[in-house]
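Me: I am new to this structure and would like to understand the words used to describe it. Could you take me through them, setting values against cut-offs?

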Amino acid sequence: MDAAEYGAVRHSKIHPRFLNTNSTSHKWAFGAIAELLDNAADASASQAIMEMRVFEVPGGSDGSGTEPLEALIIMDNGTGVDREQMHRLLSFGHSEKAALLLAQQNGERDVAADHKPIGRYGNGFKSSSMRLGRDALVLSKTKEFCTVGLLSQSFLESVDADDVLVPIVSWRHGKDERGEDTYELLPDIKDGEAEQSLAIISKHSIFSSAEEIMGQFMPIGDTGTLIIMTRLRGFDTGALELDYRSTPEDIVLHDPTAEDGVFQKERHNQRAGSKIKLDYSLRAYLTYLYKVPRMQIYLQGAKVKTRRMTGMLSSRHIETYKPNFVAEPATIQIGFSESQHEYGMMIYHRNRLIKPYVRVGIQNDPDERGMGVLGIVEADFLQPTHNKQDFDDSRTHYRTLLKKCAETLKSFWWDNVERGEAEAAEEEAAGALFSGQRRTRKRKAPMMDRWIQCDFPECLKWRKVPANYDLEPYKDGTTPWYCQYHPDPAWANHDVPEEQELVEP
Ligand SMILES: Nc1ncnc2c1ncn2[C@@H]1O[C@H](COP(=O)(O)OP(=O)(O)O)[C@@H](O)[C@H]1O
Ligand SMILES: [Mg+2]
Ligand SMILES: [Zn+2]
């Protein structure tokens, strides 16, 4: 087959090689996974399920048998996308206007109402799915439609395409008298689109017929999106980059070039030998990904324990920071973490973790100062870079924020550690008795917020519980907790709004 024969199928005016080039902004595989979860969260999903699975696909030495194909699957119960949105999801915006125009000519859509300037649509899905694997099949369900779309480097290469063809098929779904699912193919926008698209998807995805594809919409539920990525990235040894076999209920990253094989991101000032778990454990990363986690995330069959980071800080001190060049102030919450070895600034942008464990000020000195102190920073005035793993610092706003964090840390350390030591030393010098008693004051009594999230999908609110409330039974994430369990009747109802996090100290 030649690409020219698929003239009716939509395409992006971009060379297929760009798909790979574009994905290189995601150096770190987990950064790409996070983008896909962001999309689910943006689509108001209350749940995302992620797992790696092996499919048997036609293959074998003579092509008549089957061979295993590993897939990374992400399914959410968000709003889903219809045909036009699927097109935007899979393409780079260049042919979007043309498609909308075509739709308007067919009287299907009001372009003016729908039109948004080019550039408004991001690149997250394209860059991240193509970073993880060479092929991505997207199945999405809205209240009215079921739509399937394919972004496949394997397909594009096999037909020697010089545009990015994005086959899309859409059905209106419903129920017949017997309650069985019905699918009615939407009319072509361009003659032959559905037929050609189906032919491509049946040949180049893991499903080989329209019936098989339609069968995949069932598990999605009322609305939602299912992404199946295949031809996953691997090493020359044949091993996959994402390892789901060595650690149960987790996906971990290896670095075959590292001495102990454990993947670590390069970090300024990171001491040799100190490992940061969220660099290589997806489960650990997902625990911190959102400052206030909303969506329930299941990884390899087990729920990711939601944790509110700010609830992990003891002796918490809160500061707001509003430089005159910004409209929205940043908040810095600083306190002792549970471990001496966990320290630095966790910097979030719109609730999403961008930079974990950034060491500032005294934490960069080769002594113990600042160790065990964690900062949770929400800095919406900053601009994340393309891969959402760093901040753009062309206007030095990021550096200015770090300087502020360094000052906050320094005074926190003085108030909670050094002042006590200094006073004790002074008393000792003055010959005071019982100076040792003073020294015990050096860390104030822990003041921690204890949060737990309601597991009712329509609620998912966070509740603060008193110090004597036993959270142990819910810690492993398998026993659900609901608002109704709250010991204070004032909070024991899904309808009660969530408590504000920042209560001025
Ligand atoms: N899981 C999803 N559920 C619903 N819509 C999605 C999903 N993923 C992507 N989309 C749609 O596709 C569009 C493009 O996604 P993406 O490439 O990540 O860019 P951005 O998120 O910056 O808009 C989104 O704006 C959204 O409309
Ligand atoms: Mg996105
Ligand atoms: Zn609730």
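Reply: Let us begin with Arg350, which sits in the loop between strand E16 (344-349) and strand E17 (352-358); please keep in mind that this is a predicted model.

Me: Why is Arg350 called exposed?

Reply: Exposed means a relative accessible area over 50%, and Arg350 has a relative accessibility of 62%, so it counts as exposed.

Me: What makes the phi of Arg350 worth a remark?

Reply: Most residues other than glycine have a negative phi. Arg350, although it is not a glycine, has a positive phi of about 45 degrees. Tyr357 is another such case, since it is not a glycine either and has a positive phi of about 50 degrees.

Me: Where is Tyr357, and is it buried or exposed?

Reply: Tyr357 belongs to strand E17. Its relative accessible area is 9%, and buried means under 20%, so Tyr357 is buried.

Me: How do you know whether Glu418 is buried, exposed or partly exposed?

Reply: Glu418, which lies in helix H12 (residues 397-429), has a relative accessible area of 23%. Partly exposed covers the values between the 20% limit for buried and the 50% limit for exposed, and therefore Glu418 is partly exposed. As for its surroundings, Glu418 and Arg369 are 49 residues apart in sequence, while their C-alpha atoms are 9.3 Å apart in space.

Me: What makes Met50 a buried residue?

Reply: Met50, found in strand E2 (residues 47-59), has a relative accessible area of 0%; the limit for buried is under 20%, so Met50 is buried. Met50 is separated from Ile227 by 177 residues in sequence, and by 9.6 Å in space from C-alpha to C-alpha.

Me: Why is the site of the zinc ion (ligand 3) called tetrahedral?

Reply: The zinc ion (ligand 3) is coordinated at 2.0 to 2.4 Å by Cys454 (SG), Cys459 (SG), Cys483 (SG) and His494 (ND1). Four donors count as tetrahedral if all angles lie between 85 and 135 degrees; the angles among these 4 donor atoms are 106 to 114 degrees, so the site is tetrahedral. For orientation, the ideal angle for four tetrahedral donors is 109.5 degrees.

Me: How are the donor residues of the zinc ion (ligand 3) spaced in sequence?

Reply: Their spacing is C-x4-C-x23-C-x10-H. Cys454 and His494 link distant parts of the chain, 40 residues apart, with Cys454 in the loop between strand E19 (451-453) and strand E20 (462-464) and His494 in the segment after E20. Both Cys454 and His494 are buried.

Me: Which residues come nearest to ligand 1?

Reply: There are 12 residues around ligand 1, and those that come nearest are Asn39, Asp76, Gly124, Phe125 and Lys126. By type, the shell holds 5 nonpolar, 5 polar and 2 charged residues.

Me: How do you know that Lys126 makes a polar contact with ligand 1?

Reply: A polar contact needs a pair of N or O atoms within 3.5 Å, and a polar side-chain atom of Lys126 is 3.0 Å from an oxygen atom of ligand 1, so the pair meets that cut-off. Gly124 contributes a polar backbone atom, 3.2 Å from an oxygen atom of ligand 1, and Thr225 has an N or O atom in its side chain 3.5 Å from a nitrogen atom of ligand 1. On its own, ligand 1 has 530 Å² of accessible area, of which the protein covers 78%.

Me: Which elements give two or more residues to the shell around ligand 1?

Reply: They are helix H2 (29-42) and helix H6 (124-132). H6 supplies the largest share, 3 residues.

Me: What makes H6 a mostly covered helix?

Reply: Of its 9 residues, 9 are buried, including Gly124, Phe125 and Lys126.

Methods
Residues numbered from 1 in each chain as written. Chains lettered and ligands numbered in written order. Predicted model: local features only at pLDDT ≥ 70, side-chain atom pairs only at ≥ 80, totals over all residues. Heavy atoms only, no water. Near = heavy atom within 4 Å. Polar contact = N/O pair within 3.5 Å; in protein donor to acceptor, adjacent residues only side chain to side chain. Areas by Shrake-Rupley, 256 points an atom, 1.4 Å probe, with all protein chains shown as cover. Helix = DSSP H or I, 4+ residues; strand = E, 2+ residues; numbered from the N terminus. Nonpolar A, V, L, I, M, F, W, Y, C, P; charged D, E, K, R; others polar. Donors = N, O, S within 2.8 Å, 3.2 Å for Na, K, Ca; no water. Tetrahedral: all angles 85-135°; square planar, octahedral: opposite > 155°, others 65-115°. Buried < 20%, exposed > 50% of the residue type's maximum accessible area, 1.4 Å probe, protein only.
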